[in-house]
Amino acid sequence: MVHALADYQHAADQCRLTAEQLTEALFGPSPALFGHVAVDADDEPVGFALWFLTFSTWVGGHGIHLEDLYVRPPYRGTGAGRLLLATLAATCVQRGFGRLEWSMVDWNPAARFYASVRAVPVEGLVPYRLSGPALHALAAQAEAAPAPGNAREGRVPDQGDEA
């Protein structure tokens, strides 16, 4: 379904995800990606939501970034997408997270759906992305620079990790 989403967004040539990569990201030793699958009455997958944790210094806590939400065309309008989004909202509330955020292509008719659940666009913020050669060029600058005296690598523990 991830490839179907990429095709829907006119970017099929950009989607390189393999089943093995997705399995590792979701079920490997240190998962940082989480997901939910909507199924029909026959237990067949009809949609999915993939998400990861964020942290807001302004809120002072975690949130969820919805990376992808997709419902197969025959199941759109059935409530599957609303249930997936509601499940993520419930996860936020249950865990005390302050935000559920996502981005979407500006032409996506799902904007009406998001408005129906009272989601609002984040005004004044513009998404940026660093990838490919530009990502590698910036990384090379870090490798060439002397390490700051007190910089440490860290990670945010997730549920189940020891504090």
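**Figure 1. Helices and strands of the predicted model.** The protein chain of this predicted model contains 5 helices and 4 strands. Read from the N terminus, these elements follow the order α-α-β-β-β-α-β-α-α. The protein chain has 163 residues, and 23% of them count as buried.

**Figure 2. The second largest pocket and its lining.** The volume of the second largest pocket is about 190 Å³. Its lining includes M1 and V2, and L22, L26 and F27 also belong to the lining. Further lining residues are G35, H36 and V37, together with F48, A49 and L50. Three elements each give two or more residues to this lining: helix α2 (19-27), strand β1 (34-39) and strand β2 (45-56). What is the chemical character of the residues in the lining of the second largest pocket, nonpolar, polar or charged? The lining divides into 9 nonpolar residues and 2 polar residues, with no charged residue.

**Figure 3. A nonpolar patch on the surface.** The residues L130, L135 and L138 make a nonpolar surface patch of about 250 Å². One of these residues, L138, lies in helix α5, which spans residues 132-144. The relative accessible area of L138 is 44%, so this residue is classed as partly exposed. L138 can take part in such a patch because its 44% relative accessible area is over the 30% that a patch residue needs.

**Figure 4. The salt bridge between R99 and E101.** Side chains of opposite charge can pair when their charged atoms come close. In this model, the count comes to 1 salt bridge. Which side chains meet in a salt bridge? The partners are R99 and E101, with a distance of 4.0 Å from N to O. Are the two partners buried or partly exposed? R99 has a relative accessibility of 32% and therefore counts as partly exposed. E101 is likewise partly exposed, because its relative accessible area is 29%, and buried would mean under 20%.

**Figure 5. Residue A86 in helix α3 and its distance to V117.** Helix α3 covers residues 80-95, and A86 is found in this helix. With a relative accessible area of 40%, A86 is partly exposed. Along the chain, A86 and V117 are 31 residues apart. In space, the C-alpha atoms of A86 and V117 are separated by 9.2 Å.

Terms used:
Residues are numbered from 1 along each chain as its sequence is written. This is a predicted model: local features need pLDDT of at least 70, side-chain atom pairs count only at pLDDT 80 or more; totals for chains, interfaces and linings use all residues. Side-chain values use heavy atoms; hydrogens and water are left out. On a 1 Å grid over the protein atoms alone, a cavity is a set of points where a 1.4 Å probe fits but cannot get out, and a pocket is an open set with protein on both sides within 12 Å along at least five of seven lines; lining residues have an atom within 4 Å of a point. Grid points are joined across faces, edges and corners, and a volume is the space filled by probe spheres set on the points. Ala, Val, Leu, Ile, Met, Phe, Trp, Tyr, Cys and Pro count as nonpolar, Asp, Glu, Lys and Arg as charged, and the others, Gly among them, as polar. Patches are made of residues with over 30% relative accessible area and no salt bridge: like charges are joined within 9 Å, nonpolar side chains (Val, Leu, Ile, Met, Phe, Trp, Tyr) within 5 Å. Accessible areas come from the Shrake-Rupley method with a 1.4 Å probe; for residues, only the protein chains shown count as cover. Buried means under 20% relative accessible area, exposed over 50%, partly exposed in between (1.4 Å probe, protein chains only).
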